[in-house]
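Q: Could you pick one part of this structure and take a close look at it with me? I'd like to see how that part fits in with its surroundings, with the reasoning spelled out.

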Amino acid sequence: MGSMEVYNTTSSSADFTFMGLFNRKDISGLLFAIISVIFFIALMANGIMIFLIRTDARLHTPMYFLLSHLSFIDMMYISTIVPKMLVDYLLGQRTISFMGCTAQHFLYLTLVGAEFFLLGLMAYDRYVAICNPLRYPVLMSRRVCWMIIAGSWFGGSLDGFLLTPITMSFPFCNSREINHFFCEAPAVLRLACADTALYETVMYVCCVLMLLIPFSVVIASYARILTTVHHMSSVEGRKKAFATCSSHMTVVTLFYGAAMYTYMLPHSYHRPAQDKVFSVFYTILTPMLNPLIYSLRNKDVTGALKRALGRFKGTQRVSGEVF
């Protein structure tokens, strides 16, 4: 009977408790302020990107079409985690219901999975544009772009529908304190009062497919791009291309690298504090960095922003004259 007491068989009705990021009182206020700023910048930057790409005809190209969907995923992605974390801090609570944890886990896996695939296919888009420009209209037609979007969402949804029910079906121990700031699979599994070895092997295989394959596509695409750029006659063109590729690779490496640490490194190498830091990179920082690196530094996008501001000032001037 003693061994049976550690199991909680009413997992569907009991709450989980987050230890969170704000458990150090000396820096909790500063962390709250920083994460709040990052969250609002991410929402604003991605929202501006979607608006500009939708309204400016000059941005109706395959690259910006894919970028608009990346911005949409990033907005949803960061919104599944950060708002609850900030509200909990303000209200002084740290709990999440079983259903809330399940929903957060599913949305997180679906969205992050979709982004893994989309980033890999976006790198392929850049490879085609630079290395095969004459075939670009055929290889990246509107139909192909929609297939890329549909494939990314299908891959992410498959991951969410496959892994979430299994993760949340384990019996959980009486101590339901998640040493994390959201319901991430490895942190939730530490509470399971059952052998999770087989499931962790399945999750590892899924992560190889969802992380290593897209990341390999990114590396191969940018390697071919850099090789092509290296043979350019224009020195200015080479510098611009190298600068763009290096900034893209920095963000992509942060995103994939942090996720690989979380899901592919053996448990013996993990520490809860380090896990939180690495999770921050790809759940909070990346949604802010993506629009800043991929888009808002681009002359096409800055031109579209100036035109939008010009139209806004023009309508204000007209309405002022009317009244």
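A: Happy to. A contact here means heavy atoms within 4.5 Å. By that cut-off, 79% of the chain's contacts with a separation of 6 or more join residues 24 or more positions apart. Please keep in mind that this is a predicted model. The chain has 323 residues, 46% of them buried, and its secondary structure comes to 11 helices and 5 strands. Along the principal axes, its C-alpha atoms fill a box of roughly 75 × 55 × 35 Å.

Let's look closely at helix H8, residues 197-230. Its 34 residues, at 1.5 Å each, should span 50 Å, and the end C-alpha atoms are 47 Å apart, which agrees. H8 also has a kink of about 25°, centred on Val 208.

Two places along from that centre we can turn to Met 210, which also belongs to helix H8. Its relative accessible area is 8%, so Met 210 is buried. What does Met 210 contact, leaving aside its neighbours within four places in sequence? The partners are Gly 113, Phe 116, Phe 117, Gly 155, Gly 156, Asp 159 and Tyr 256. Sequence separation alone is a poor guide to where things lie: Met 210 and Val 235 are 25 residues apart in sequence, with 37 Å between their C-alpha atoms.

Three of those partners lead into helix H6: Gly 155, Gly 156 and Asp 159 are among the buried residues of H6. H8 is in turn one of the elements covering the buried residues of H6, along with others that include H4, helix H2 (62-79) and helix H7 (185-189). H6 runs over residues 142-169, and its 28 residues should span 40 Å at 1.5 Å a residue; the end C-alpha atoms are 41 Å apart, which agrees. H6 has a kink of its own, about 25° at Leu 163, shortly before Pro 165.

Back on H8, Val 218 is a second good residue to inspect. Val 218 has 1% relative accessibility, so it counts as buried. Beyond the residues up to four places away in sequence, Val 218 touches Leu 119, Gly 120, Ala 123, Met 249, Val 252 and Tyr 256. One of these, Leu 119, is 99 residues away along the chain, yet the two C-alpha atoms are separated by 7.5 Å.

Tyr 256 is a partner of Met 210 and also of Val 218, and its ring links to H8 too. To set the scene, the structure holds 21 aromatic pairs. A tilted one is formed by Tyr 124 and Tyr 127, 6.3 Å centre to centre with 40° between the planes. Both tyrosines lie in helix H4, 3 residues apart, about one turn of the helix. Tyr 124 counts as partly exposed because its relative accessibility is 30%, whereas Tyr 127, at 18%, counts as buried. Now for the pair on H8: the ring centres of Phe 215 and Tyr 256 are 5.2 Å apart and the planes are at 40°, so this pair is tilted. Phe 215 lies in helix H8 and Tyr 256 in helix H9 (residues 235-264), so the pair ties together parts 41 residues apart in sequence. Both Phe 215 and Tyr 256 are buried, and they belong to one aromatic cluster with Phe 116, Phe 255 and Tyr 282.

From here we can follow the surroundings into the largest nonpolar core, which has 77 residues; Tyr 108, Tyr 256, Tyr 263 and Tyr 282 touch the most other members. Helix H4 (residues 98-131) gives the most to this core, with 12 residues. Apart from this core lies another, of 12 residues, among them Ile 96, Phe 98, Cys 183 and Val 188. Tyr 282, a fellow member of the aromatic cluster with Phe 215, has contacts that include Tyr 108, Val 112, Phe 255 and Tyr 263, not counting residues up to four places away in sequence.

To put the picture together: in H8, Met 210 reaches Gly 155, Gly 156 and Asp 159, Val 218 touches residues including Leu 119 and Met 249, and Phe 215 pairs with Tyr 256 of H9.

Terms used. Residues are numbered from 1 along each chain as its sequence is written. This is a predicted model: local features need pLDDT of at least 70, side-chain atom pairs count only at pLDDT 80 or more; totals for chains, interfaces and linings use all residues. Side-chain values use heavy atoms; hydrogens and water are left out. A nonpolar core is a set of buried Ala, Val, Leu, Ile, Met, Phe, Trp, Tyr and Cys residues joined through side-chain atoms within 4.5 Å. Buried means under 20% relative accessible area, exposed over 50%, partly exposed in between (1.4 Å probe, protein chains only). Helices (H or I, at least four residues) and strands (E, at least two) are DSSP runs, numbered from the N terminus. The expected span of a helix is 1.5 Å times one less than its number of residues. The bend at a residue is the angle between axes fitted to the seven residues ending there and the seven starting there. Rings of Phe, Tyr and Trp (its six-membered ring) pair if their centres lie within 6.5 Å; planes under 30 degrees apart count as stacked, over 60 as edge-to-face and the rest as tilted.
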